[in-house]
Amino acid sequence: MCGIVGYVGRKNAEPILINGLLRLEYRGYDSAGIATIEEDGIKVVKNKGRVASLLEITEKNNLKGTIGIGHTRWATHGKPSAENSHPHMDNKNTIAVVHNGIIENYIELRKFLEENGYKFLSQTDTEVIPNLINYFYEKTPKRGKEDFLNAMKETVLKLKGSFAIEVLSKDFMDEMFVVRKDSPMVIGKGTDENYISSDIPAILSFTKDFFLLNDLEFAILSRNEVEFYDMNLNRFEKQAKNIAWDMSSAEKGNFEDFMLKEIFEQPKSIRETIGARLSADSKCSLDEINFTKEYLESVDRVYIVACGTAMHAGMTVKKILEEFCKLQTEVDIASEFRYRNPLITKNTLCIYISQSGETADTIAALKIAREKGAKTIAISNVIGSSITREADFSLYTHAGPEIAVASTKAYTSQIILLSILGIYFAEILGVQDERLEILKREILEVPTKIEEILKNTENIKSFAKRISGEKDVFFIRTWYRLCSCIRRFFKIERNFLYSF
């Protein structure tokens with residue numbers, strides 16, 4: 001996982017790029033770099049270490065360019081070093097590239113380029129990209145940006161893996177070229193300026209209007225416009241989406257770190273996720289889904305597919321779907337699900353969970369289900385993200401931007417939304433069980449209970465201090481005993497997970 005940013009406008013690009021990289025630093029810590037188009041060509045400044053170390057050397061280079069790209073790295077190929085950090089350039093120093101993703105066939109491509117006279121300065125997979133673009137560009141008549149775009153297309157056709165790529169060329173001093181596949185990238189629309197980023201929060205202080213690229217779509221950014229092209233290089237129009245996140249939610253405020261801030265934001269994020277979907281006195285309302293009783297009765301099984309924390313959120317709804325709805329439910333990790341030829345029919349329902357909506361394995365697993373005719377639901381925190389554009393139906397948590405690597409408010413919001421989804425299915429099926437009503441009431445009480453816990457965190461701090469030095473912790477109580485212990489420890493009268 002790496003972070004990329006880009007800027008095309010009239011302002012000095014360097015401070016904007018550095019600001020974006022600081023906001024994306026959670027995506028990569030081992031090195032960082034930027035490239036800007038200066039009067040005498042492309043200037044690259046990069047260094048091993050965190051973005052702060054990059055800032056020290058950019059100030060000495062007096063960069064004045066108004067077009068630039070940036071990268072913060074989490075190494076996958078080659079050790080952390082200045083040579084392996086991005087941006088990477090081609091052998092002629094005319095093309096600069098930053099890349100988020102993994103090129104699976106880079107060894108094969110590197111051998112091909114070496115046989116054609118290219119030399120490599122790093123151990124990364126990314127360095128093949130600018131050299132491949134140069135290789136194909138040299139074969140064109142070089143009449144204009146269409147030739148350069150075609151060279152990018154030919155390069156992309158050779159790449160196997162995932163990528164979000166930003167490209168600068170010495171031949172096109174006023175433009176930036178981008179393309180993506182299975183890696184996140186958003187384009188921010190401004191006035192006489194445009195932005196690129198891996199994640200929305202990195203550029204949220206500059207704009208709230210975003211273009212969302214689909215897989216294998218290209219874009220050419222200039223100061224005044226963004227041109228979009230499909231894989232056949234046919235130009236098309238794309239509408240910007242307004243993302244109504246509050247910039248203050250992407251700042252640490254008075255908290256020591258983002259994780260602590262996001263822990264304290266849980267009551268708000270859960271209340272907003274519940275919204276008008278759940279009421280103690282009426283049936284659940286999910287306007288985004290139009291399932292019927294006949295359809296749910298025809299479902300042969302439910303798959304809940306996600307990675308990491310999101311997968312664990314999925315486990316919470318399995319009990320509701322099986323016990324109340326009598327729907328056979330499996331929870332799968334996306335990275336294994338996509339490769340094991342899962343038993344999916346047109347009567348299978350698949351639910352996919354991704355906070356960002358850009359998790360590559362989860363998106364790939366969703367595509368498999370669609371190919372086999374199954375209905376798909378995406379659970380995401382980002383409106384218009386890739387996974388929501390691929391799914392038949394989409395449900396959104398309302399957690400706001402989550403910056404910390406360890407998930408807090410996004411995770412609890414997912415649990416709440418999935419629980420509401422399970423209750424919604426049960427009500428469609430006509431299930432009569434007083435435990436459903438208890439569960440609804442207790443979900444509605446969760447934000448208040450969390451607020452009470454966060455008002456008095458001394459018990460939690462004390463417990464954390466006691467176990468912080470332990471290498472292994474074993475929970476050997478039964479579920480019943482464990483829930484009782486948790487309730488007593490945090491002085492909670494009831495726990496909604498325990499109630500069924």
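Contact, in this tour, means heavy atoms within 4.5 Å. The structure on display is a predicted model.

**Stop 1: the sheet of 8 strands**

Begin by selecting helix 1, residues 13–24, which lies across strand 1, strand 2 (31–38), strand 4 (67–73) and strand 10 and runs at about 155° to strand 1. Add helix 2, residues 51–61, which packs on the sheet as well, touching strand 2, strand 3 and strand 4. The direction of helix 2 makes about 145° with that of strand 3.

Now display the sheet beneath these helices. This open sheet of 8 strands has antiparallel pairing and the order 3-2-4-1-10-9-11-15. Its edges are strand 3 (41–48) and strand 15 (241–242); each has a single partner strand, so one side of each is left without a neighbour in the sheet.

For a closer view, select strand 1 (residues 3–8) together with strand 10 (residues 194–197). The two run antiparallel and are joined by 4 bridges. Label Val5, which stands opposite Ser197 in strand 10.

**Stop 2: the hairpins around strand 13**

Proceed to strand 12, residues 217–221, and strand 13. These strands run antiparallel, with 4 bridges joining them, and they form a hairpin with 4 residues between them. Pick Ile220 to locate a specific pairing: its bridge partner in strand 13 is Glu227.

Strand 13 also continues into a second hairpin. With strand 14 (residues 235–236), strand 13 shares 2 bridges in an antiparallel arrangement, and Phe228 stands opposite Phe236 in strand 14. There are 5 residues between the strands of this hairpin, and Leu233 takes a positive phi near 65°.

Are the two faces of strand 13 covered or uncovered? In a regular strand the side chains alternate between the two faces of the sheet. Selecting residues 226–229 shows Val226 and Phe228 on one side, Glu227 and Tyr229 on the other. All of these residues are buried, and both faces of strand 13 are thus covered.

**Stop 3: helices 4 and 5**

Select helix 4 (residues 128–137) and helix 5 (residues 145–158). Their axes come within 8 Å and cross at roughly 125°, which makes helix 4 oblique to helix 5. The crossing of this pair is right-handed.

Show side chains on both helices to see the contact. Helix 4 contributes Ile129, Leu132, Ile133, Phe136 and Tyr137, while helix 5 contributes Asp147, Phe148, Ala151, Met152, Glu154, Thr155 and Lys158. By class, this contact has 8 nonpolar, 1 polar and 3 charged residues.

**Stop 4: the sheet of 5 strands**

Next, display the open sheet of 5 strands, whose order is 17-16-18-19-20 and whose pairing is parallel. Strand 17 (329–333) and strand 20 (393–396) stand at the edges; each has a single partner strand, so one side of each is left without a neighbour in the sheet. Ignoring direction, neighbouring strands of this sheet are turned by 20° against each other on average.

At one edge, select strand 16 (residues 301–306) and strand 17, which pair in the parallel sense over 5 bridges. Here Ala306 stands opposite Ile333 in strand 17.

Two helices should then be added to the view. Helix 11, residues 360–371, lies across strand 16, strand 18 (348–354) and strand 19 (375–380), running at about 165° to strand 18. Helix 13 packs on the sheet too, where it touches strand 18, strand 19 and strand 20, and its direction makes about 160° with that of strand 18.

**Stop 5: Ala378**

Within this sheet, centre the view on Ala378, a residue of strand 19. Ala378 has a relative accessible area of 0% and is therefore buried. Which residues surround it? Leaving aside residues up to four places away in sequence, Ala378 touches Tyr352, Ile387, Thr388, Ala391, Phe393, Ser394 and Leu395. A distance to check is the one between the C-alpha atoms of Ala378 and Tyr396: they are separated by 8.2 Å and lie 18 residues apart along the chain.

**Stop 6: helices 7 and 13**

Finish with helix 7 (residues 266–274) and helix 13 (residues 409–428). The axes come within 9 Å and cross at roughly 30°, which makes helix 7 roughly parallel to helix 13. Helix 7 passes helix 13 in a right-handed crossing.

To display this contact, select Gln266, Ser269, Ile270, Thr273 and Ile274 of helix 7 with Lys409, Thr412, Ser413, Ile416, Leu417 and Ile420 of helix 13. These residues divide into 5 nonpolar, 5 polar and 1 charged.

Methods: Residues numbered from 1 in each chain as written. Predicted model: local features only at pLDDT ≥ 70, side-chain atom pairs only at ≥ 80, totals over all residues. Heavy atoms only, no water. Axes fitted to C-alpha atoms, helices over the stretch in contact; angles between N-to-C directions. Parallel < 35°, antiparallel > 145°, perpendicular 65-115°, else oblique. Left-handed = near helix turned anticlockwise from the far one by under 90°. Nonpolar A, V, L, I, M, F, W, Y, C, P; charged D, E, K, R; others polar. Pairing = 2+ DSSP bridges. Buried < 20%, exposed > 50% of the residue type's maximum accessible area, 1.4 Å probe, protein only.
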